[in-house]
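Colleague: I am new to this structure and would like to go through it with you by question and answer. Could we take one local site to begin with, and then widen the view?

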Amino acid sequence: MTSNAFIAFQKNEETRCIVEAIVDDNPGAIVVEQPAMVKVDVPERLVIKRATVEEKMGRDFDLQELQIHLITISGHLDETDEEFTLSWQS
Amino acid sequence: MSVTSLGAYEFEPRDALARYNGKQLLYINWERHRMFSRPFVIAVAPDMPFRTVVEDHISSYSYHPDYEHIDWSKVIWQNSEEVFTPDFDKSLADNGIGHKDLIRFTTPGLDGLNGTGY
Amino acid sequence: MQLDLRTIAIKPLRQTYGHIARRLGADKPASRYIEATMDLQPVENFHYRPTWEPQYDIFDPRHTKIVMKDWYALKDPRQFFYGGWTLARARMQDAVEADFSLVEEMSLAAAYPDEGKKLVRDVILPLRHVAWGSNINNSYVGAYGYGIAISQAATYASMDQLGIAQYITRIAMAFDDLEALPVAKAAWLEEPAWQELRRYVEDLMVEKDWFEVLVAQNYVLEGLLYPLIYDRLNGKLNALHGPVISMLTRFQGEWQVENAKWLDAVLKAAAADNRDNVATLAGWIKTWRDRAVTALKPIAEKAFGEDATAALDEVVQQLERRAAKAGVAL
Amino acid sequence: MDMKVAKKLGLKERYALMTRDLAWDTTYQPMDKVFPQVSYEGIKIHDWNKWEDPFRLTMDAYWKYQAEKERKLYAILDAFNQNNGHLTVTDGRYINVLKLFLGSTSPLELMAARGFTNMGRQMVGAGPRVACLMQAVDEYRHFQTQIHSISNYNKFYNGLDEFAHQQSRMWYLSDGKSFFDDAITAGPFEFMVAIGFAFEYVLTNILFVPFISGAAYNGDMAAMTVGFSAQSDEARHMTLGLECIKFILEQDPDNLPIVQRWIDKWTWRGTRKLGSVGMMMDYMLPKRIMSFKEAWEMYFEQNGAALFNDLARYGITVPKCFAQTVAEKEHVTHQSWIGFYMKPDSTNFHTWVPEPEELDWLSEKYPNTFDKYYRPTFEHWAKTQKAGKRFNNKTAPMNCQVCLNTMKYNEPDDPMKTCFRSTKYKGEKYHFCSDPCLEIFENEPEKYVQAYISSHQVLQGNCAPEGVDTTAPDFNPAEHVAAYWRLDPNATGDFDGSQDQANFAAWRDQATKN
């Protein structure tokens, strides 16, 4: 069974862009909408790329801004200036 | 096993018999009647007759429709896992019931509402 | 469900929580600080003793010699609950950030004279380790302090000190002088001039009386060190080379004033409770003042040369005046 | 952050300079005296520098982002309060969720704040110290924002006003209190595994995500805002817990059996603690988004499988209790609601029999168990309540010596039979609700013999308000318990006929009528 890495955000304009960026960068991403929140599952490895988010937002974006919108995550985290990655080894 | 600690770690149990002023704790449960959620606890004197437990305390189960159908002569009594036959006129102590013992009684044929165990 | 509610006036059944109303002596609205602070720490019916200190309860007033009839008398005049604290720090941080940016945009650091830079390297950069030590010692107060009034304030102070250590680190970054950091650390660890200060901070790391740690670290050491550096040394550097260092240490400058207000209030409340507290506090302040003066003397000499004694005397008197005002005559 | 110089350094290098480079090994005082708590548990750490920092937030960034969250949160709270937002919730029953939440969860946030402050003091490495301290202040945040958001409800509804007094006294709050008392009295590594890993990583999603989503669904903007805002910190906390486990396991192979025992213990203790959360989801939210069972499957079984598959490389296996929790997910919420419904005089929140369509929802969500075991009881209660004989079990509960829950769980293989386990220690008998609780006791009996069991304390005469002579010959302990708890009679009993019900209806009527 493959393990899903996931991330969930509060629903708002900013996270709409972030989720779009995740969907673009992660083939196989599954978006689940729930009241006031949105959850994205990706098998094994989920990556958020700063460049893609910036493109969606049309402004500079610091990946640490994710802090403001996060609800939960699953997977090992690795964060650099460019990428925020969640992954499982199975 | 035992606890690992920095320094001696040994305390008097919070529910030691000595804390009950001559009484002892007794738990009671009516099996397969879980509408009452859990057993109840009382503090009673060890010389209290077993009959008093039944008449004064087990009667708190009377809300249940099964209660009036209990045939007391058929009841199976347990002290925790061990089945025993209480002498109603003898004291708890004489019936072998000590501090923090759990009396469970089963009423054959009565299995709660619609046989649900509740 | 989308409900369209008319604005109506409903008479509340009560104004605040029961424990707050009892404390205020009346059922009236309470500030967010009061509601988030007073009488909230459990004081009774703990299940287990700590395996790390079985002789104590989980929260135990016996971790200090100070005795209080009411531990919530140790209130914070800044009224810092988490939200108040974070917002205050974020406002300071905005100003600091603007200053750091300005220093960078105007290339002020590059243009800063070597003489000034040397003082920054020799005196200010090693202080990031003092701040780190203070972060540790304040976390002890936050962990062992009795009542939320003191424990939250100490925990916020601990984070403030981490912030200060990081702001000092950023000075080296602003000067594009990262090599200065290991040099400053080596000085902290080995240079004789810093050793009494390091011993002071390390000794507090094994002191068990949390109130004494609070007094020795925050009231005495920082009460002397901050005015010495962020008032007097900055004043000297401003006069010689312009306000660049004041800009880069703006946080510490503002922070010390506000923090002293908190500590003065805590000292005053403890002293007001009983005479034994006054004697205990006075004893601590005297002991640690003397040690702090010894420890800071070589640092003051680096900073002020022959004016060191005068500078140190001034800040000692300033501290003693604060103590006297709080009801602790030395 | 905004500084361009910082861009020259990567996030990792910059963060290292800002944290671990500040630390040094003390020499005027020996390190083992400075950090006295890290060795007695038997965990071996050879190199604290191997700690990988998960989130790399420096204080400037921390203050910036946290302030932004706080500004938003309090603005929404103010608006919610000014507009009588409490009247927008689905129905008056909903507010009882907040009563249970404020009593059972908020005080634990404070314990977490104090516990993580101590971790921030005791951990030797700078990386974990800083992460723990950040979590400590976050926990103050959660505790305080919860109190602030519920403060407005407290002005209008009963049962919220004495949470601070009740946290250490009320019978049904001892499970949560014992959970945290247990963790905070353990050594630092066990605390980290207990709270950082087992609770925050494995279980906290169950507490917050579906519950808060549920609050949103029920129109409670205040709870939703506070909850999600808190949850945004939680991702950091979860990551800390996971890093901590990896760090400990990578340091020495001897750490594995100790850590495994803690994972087994704390996953179970957390599961027991969360039973009441599941009950909120299944019984107390007037509009439901998912059942507890579904949430358990999504956040514990699936996510837990991913986690434990991953940790298998260190030799970690799924918690021993895993199968039992999976079996119990079909039962625990019903057993909990039954346990509270039957004690109307002893809770500061109201209970009720679910409406017929709510019973249908439960039948649909719990096809294996609800009709077979639980539905007839609720239908019976509805009937007797209508006849004016609402069930009221006036007896005092028997509790598990370890988890402090009442003994309400079933034998794993027989839902009709109450589960009992017992043992003797130093001549005294102890009772447990389950095999895992028995095992936890047997590992550390010296600890659990100290447990504060409310009903026993009452019988010892320790639960009377000040001024009552507990030695008087006619002293009746049970008589004073409600006063000892400061239990407002208006807060007790069935929702049907309560002051809350009447007020909510009248106010809502007033606000919606033109």
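Colleague: Leaving aside neighbours within four places in sequence, which residues is Ala271(C) in contact with?

Modeller: This is a predicted model, and the contacts of Ala271(C) are read from it with the neighbours within four places in sequence set aside. The residue itself has its place in helix H11 of chain C, which covers residues 250–273. What remains is a list of contacts with Asn277(C), Val278(C), Leu281(C), Ala326(C), Gly327(C) and Val328(C).

Colleague: Is Ala271(C) buried or exposed?

Modeller: A residue counts as buried when 20 or more other C-beta atoms lie within 10 Å of its own. Ala271(C) has 21 other C-beta atoms within 10 Å, and therefore it is buried.

Colleague: Where in chain C is Asn45(C) found, and is it buried, exposed or partly exposed?

Modeller: Asn45(C) is found in the loop between helix H2 (32–37) and helix H3 (82–105) of chain C, and it has a positive phi of about 55 degrees although it is not a glycine. Most residues other than glycine have a negative phi. Because Asn45(C) has 16 other C-beta atoms within 10 Å, it is partly exposed.

Colleague: What is the phi of Lys100(B) near?

Modeller: Lys100(B) lies in the loop between strand S4 (82–84) and S5 of chain B. With 21 C-beta neighbours inside 10 Å, Lys100(B) counts as buried. Its phi is positive, in a residue other than glycine, and is near 70 degrees.

Colleague: In the open sheet of six strands, what is the order of the strands?

Modeller: Strands of a sheet pair through backbone hydrogen bonds, either parallel or antiparallel. In this open sheet the pairing is mixed. The order of the six strands is S4(B)-S3(B)-S5(B)-S1(B)-S2(B)-S1(D).

Colleague: Which strands stand at the edges of that sheet?

Modeller: An edge strand here has a single partner strand, so one side of it is left without a neighbour in the sheet. At one of these edges, strand S3 (residues 76–79) of chain B and S4(B) pair in the antiparallel sense over three bridges, and Asn79(B) has Glu82(B) as its bridge partner in S4(B). The strands standing at the edges are S4 of chain B and strand S1 (396–397) of chain D.

Colleague: Which residue is the bridge partner of Leu26(B) in S2(B), and which stands opposite Leu26(B) in S5(B)?

Modeller: Strand S1 (residues 24–30) of chain B is mostly covered, with six of its seven residues buried. S1(B) pairs with strand S2 (residues 40–44) of chain B in the antiparallel sense over five bridges, while five bridges also join S1(B) to strand S5 (residues 101–106) of chain B, and these two run parallel. For Leu26(B), the partner in S2(B) is Ile42(B), and the residue opposite in S5(B) is Asp101(B).

Colleague: How many Å apart are the end C-alpha atoms of helix H7 of chain D, and why does that agree with its number of residues?

Modeller: Helix H7(D) covers residues 126–156, and at 1.5 Å a residue its 31 residues should span 45 Å, so the separation in the model agrees with the expected one. The helix is mostly covered, with 30 of its 31 residues buried, and it bends by about 35 degrees at Ile150(D). The end C-alpha atoms are 46 Å apart.

Colleague: Which helix gives the most to the side of chain D that touches chain A?

Modeller: The contact takes 31 residues from chain D and 26 residues from chain A. On the chain D side, helix H4 (59–82), helix H10 (188–217), helix H11 (221–251) and helix H13 (292–311) each supply at least two residues, and the residues of that side divide into 17 nonpolar, eight polar and six charged. The helix that gives the most, with nine residues, is H11(D).

Colleague: Of the four pairs of chains in contact, which share the most contacts?

Modeller: Chain A and chain B can be set aside, since they do not touch and their nearest C-alpha atoms are 31 Å apart. Chain A and chain C do not touch either, with their nearest C-alpha atoms 12 Å apart. Of the four pairs in contact, the most contacts are shared by chains C and D.

Colleague: Over which residues of chain D is the pLDDT below 50?

Modeller: Chain D averages a pLDDT of 94, and 98% of the residues score at least 70. Where pLDDT is low, the predicted coordinates should not be read in detail. The stretch below 50, which has 13 contacts in the model beyond near neighbours in sequence, is residues 1–7.

Notes. Residues numbered from 1 in each chain as written. Chains lettered and ligands numbered in written order. Predicted model: local features only at pLDDT ≥ 70, side-chain atom pairs only at ≥ 80, totals over all residues. Helix = DSSP H or I, 4+ residues; strand = E, 2+ residues; numbered from the N terminus. Expected span 1.5 Å × (residues − 1). Bend = angle between axes of the 7 residues up to and from the residue. Buried ≥ 20, exposed ≤ 12 C-beta atoms within 10 Å, placed from the backbone. Contact = placed C-beta atoms within 7 Å. Nonpolar A, V, L, I, M, F, W, Y, C, P; charged D, E, K, R; others polar. Pairing = 2+ DSSP bridges. pLDDT = per-residue confidence, 0-100.
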